[in-house]
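Q: Before we go through this model together, could you show me how to read its features one at a time, giving the general idea and then the case at hand?

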Amino acid sequence: MTYIEALVLGLVLGLGEILPVSGTGHLAILQNFFGFSGLLEDHLLALVFIRSGVLAAVIVACWPVCKDLARGFFSAFDTNRSVRTSGRPARRLLMLLVLASLPLLLLLAVRTRVQVLYHNTFFVGFAFIASGLMLFAANRVRRGVRTEKNASIWDALAVGLLQLLAILPGFSRTGLGLSAGLQRRFDREFAVQFALLLYLPACFGSNLLTLVQAVQLGIDWHSLLKYILAFLIAGLAAYGSIRLLKHLAQRGSFGGFCYYCWGAGLVTLALSLVA
């Protein structure tokens, strides 16, 4: 791995893991059309560093909420009734996040079987287009008002189940989370926040599995500085992406990402035909 490759991977995945444009889909494009094939297979630890950079960005950007979740959890064991009561909203949000994360356990059975789809660029192209269509439909739903205070168990499960598609290259975890949240009439800011917080358990689980695999295959310690560069670039790109999503949730629309996904899908299909 070169420093340029580390920079490109950090930037592409740092943006793609947060913005609703599919980091895995862009990774498939890099692997199949731009000479990155086999790079991450030889440098799995780089993927762990990149995801960790994104994970750090999410925690920093959502720190007040993360802090409230931790306080809410521990307040349940406090003997002071007023403390337990004050932590109830955070505990409810934590419960919704746990419920939405439960479907991720189903992915353990199929995780290795879908790897072949990274080399099926026709599938990736159509997945980009489908992802854009889902976000387009959700973006046209009338603005919702549901937050952690009035979202139901079924709302959380619906978001979690749709996010199962994120294991397929071309589908965005954030895009799927936003699409499901908006369809379930979540408040737009809450839909963004919920999708970002769901990244934390998903990333932690993926990183743990990838780290075990990287250790088994052997780690190239000579590339450690390049991994650190990828970590930093991914973290900065992800943080900027989070700021953009929050801004759009407050004042704009997510429609521009639909057109990007459609364009990326058409370009991928065109490259597949001429490759």
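Q: How many disulfides does the structure hold?
A: In general, a disulfide is a covalent bond between the sulfur atoms of two cysteines. The model here is a predicted one, and the structure holds 0 disulfides. Cys 258 shows the reasoning: its sulfur has its closest cysteine sulfur in Cys 261, at 7.0 Å, which is too far for a bond, because a disulfide requires the two sulfur atoms to be within 2.5 Å.

Q: Are Cys 258 and Cys 261 buried or exposed?
A: The idea is to compare the relative accessible area with a cut-off, buried being under 20%. Cys 258 has a relative accessible area of 0% and is therefore buried, and Cys 261, at 1% relative accessibility, counts as buried too.

Q: What secondary structure does the chain contain, and in what order does the pattern run?
A: One begins by listing the elements and then reads them along the sequence. The chain has 13 helices and 0 strands, and its pattern along the sequence is α-α-α-α-α-α-α-α-α-α-α-α-α.

Q: What does the radius of gyration say about the chain as a whole?
A: The approach is to set the value of the chain beside the one expected for a compact globule with that number of residues. For 275 residues a compact globule would have a radius of gyration near 19 Å, and the chain has 19 Å, so the two agree. Along the principal axes, the C-alpha trace spans about 60 × 45 × 35 Å.

Q: How should I read burial, contacts and surface for the chain?
A: These are summary values, and they are best read side by side. Buried residues account for 49% of the 275 residues. If one takes the contacts between residues at least 6 apart in sequence, 83% of them join residues at least 24 apart. The chain exposes about 13,400 Å², of which carbon and sulfur atoms supply 67%.

Q: How far apart are the mean positions of the positive and negative charges?
A: Here one takes the mean position of each kind of charge and asks for the separation. In the chain there are 23 positive and 11 negative charges, and their mean positions lie 12 Å apart.

Q: Which residues have a positive phi although they are not glycine?
A: Most residues other than glycine have a negative phi. Among the residues to look at here are Ser 22, with a phi near 70 degrees, and Arg 185, with a phi of about 65 degrees. Ser 22 is found in the loop between α1 (3–16) and α2 (23–33), and with a relative accessible area of 1% it is buried. Arg 185 lies in the loop between α10 and α11, and at 27% relative accessibility it counts as partly exposed.

Q: Where does Phe 171 lie, and what is it in contact with?
A: For a loop residue it helps to place it between its flanking elements and then to look beyond its sequence neighbours. Phe 171 lies in the loop between α9 (153–162) and α10 (173–183), and its relative accessible area of 9% means that it is buried. When neighbours within four places in sequence are left aside, its contacts include Ser 22, Thr 24, Ala 127, Met 134 and Leu 176. Phe 171 and Leu 19 are 152 residues apart in sequence, while their C-alpha atoms are 11 Å apart in space.

Q: What can be said of Leu 45 and Asn 207, which lie in helices?
A: The steps are to name the helix, then the burial, then the contacts. Leu 45 is found in helix α4 (residues 44–61) and, at 8% relative accessibility, counts as buried. Beyond its neighbours within four places in sequence, Leu 45 is in contact with Leu 211, Ala 214, Ile 219 and Tyr 227. Asn 207 lies in helix α11 (residues 188–217) and counts as buried at 9% relative accessibility. With the corresponding neighbours within four places left aside, Asn 207 is in contact with Leu 47, Val 48, Arg 51 and Ser 52.

Q: Where is His 119, and how far is it from Ile 18?
A: His 119 lies in the loop between α7 (88–101) and α8 (121–139), and at 49% relative accessibility it counts as partly exposed. His 119 and Ile 18 are 101 residues apart along the chain, and their C-alpha atoms are separated by 23 Å.

Terms used
Residues are numbered from 1 along each chain as its sequence is written. This is a predicted model: local features need pLDDT of at least 70, side-chain atom pairs count only at pLDDT 80 or more; totals for chains, interfaces and linings use all residues. Side-chain values use heavy atoms; hydrogens and water are left out. Helices (H or I, at least four residues) and strands (E, at least two) are DSSP runs, numbered from the N terminus. The radius of gyration is taken over C-alpha atoms; the globule rule is 2.2 Å times the number of residues to the power 0.38. Buried means under 20% relative accessible area, exposed over 50%, partly exposed in between (1.4 Å probe, protein chains only). Contact means heavy atoms within 4.5 Å. Accessible areas come from the Shrake-Rupley method with a 1.4 Å probe; for residues, only the protein chains shown count as cover. Lys and Arg count as positive and Asp and Glu as negative; His and the chain ends are not counted. The place of a charge is taken as NZ of Lys, CZ of Arg, CG of Asp or CD of Glu.
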